[in-house]
Amino acid sequence: MRLAHLTFTVRPEAQDEALGVLLDEVPNVRGMEGCVAFIPFIDPTTSGGIGVMHEWATADDFAAYLASPTFAASGARLFPLMTQEPDSRRFQAELVAPAN
C-alpha cells in the first residue's frame, strides 16, 4: 500500500479556499481505482497550514492519480495560493491489523 502525507502553507486568508479546493476533489479522488483514503485537513499547528493524507492500494494507483486531470486542475488552483513549496512524503506500508 502507498501512503502519502502532503503538507503546504498558504496565506492565512486563503486557507479556507485551499481546503475547499481539496474538499471539492474528494468524490473524484475517492472514486479512482485503488484510492483507500483521501483526507484533506487544516493543520492547526501552522498558520495557513493545509494537509492531505492519502492511502492507495498500489504505487501504480497513486501514480495514476498524480497523472490525472484532477490532480493537475487542483495544482493549478492551489499553487498560486502557496507561500512555499509543498512537502510531500511517500511511504510503502503494509497493514498489520485493522484498528476495529
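This passage describes the nonpolar core of a predicted model and three of its residues, arginine 2, valine 10 and glutamate 94.

The largest nonpolar core holds 21 residues. Within this core, Phe8, Val10 and Phe38 touch the most other members. Five elements are listed as giving two or more residues each: β1 (2–9), α1 (15–30), β2 (35–42), β3 (49–56) and α2 (59–66). The largest share comes from α1, with 6 residues. In soluble globular proteins, nonpolar side chains tend to be buried together.

Valine 10 has contacts in several parts of the chain. Neighbours within four places in sequence are set aside here. Valine 10 is then in contact with Gln15 and Ala18. Contacts of valine 10 also include Ser47, Gly48 and Ile50. Leu81, Met82 and Thr83 complete the set.

Arginine 2 lies in strand β1. This residue is buried, yet has no salt bridge. The nearest side chain of opposite charge belongs to aspartate 60, 8.1 Å away. A salt bridge would need a side-chain nitrogen within 4 Å of a carboxyl oxygen. The arginine 2 side chain does make a polar contact with the side chain of glutamine 92, at 3.2 Å. Beyond residues up to four places away in sequence, arginine 2 touches His54, Glu55, Trp56, Ala57, Thr58, Ala59 and Phe62. Arg90, Phe91 and Gln92 are also touched by arginine 2.

Glutamate 94 lies in the segment after β4 (87–92). Glutamate 94 counts as exposed because its relative accessibility is 69%, and exposed means over 50%. Its C-alpha atom is separated by 11 Å from that of glutamate 55. The two residues are 39 residues apart along the chain.

Methods. Residues are numbered from 1 along each chain as its sequence is written. This is a predicted model: local features need pLDDT of at least 70, side-chain atom pairs count only at pLDDT 80 or more; totals for chains, interfaces and linings use all residues. Side-chain values use heavy atoms; hydrogens and water are left out. A nonpolar core is a set of buried Ala, Val, Leu, Ile, Met, Phe, Trp, Tyr and Cys residues joined through side-chain atoms within 4.5 Å. Buried means under 20% relative accessible area, exposed over 50%, partly exposed in between (1.4 Å probe, protein chains only). Helices (H or I, at least four residues) and strands (E, at least two) are DSSP runs, numbered from the N terminus. Contact means heavy atoms within 4.5 Å. Lys and Arg count as positive and Asp and Glu as negative; His and the chain ends are not counted. A polar contact is a pair of N or O atoms within 3.5 Å; within protein, one must be able to donate a hydrogen and the other to accept it, and residues adjacent in sequence count only if both atoms are side-chain atoms.
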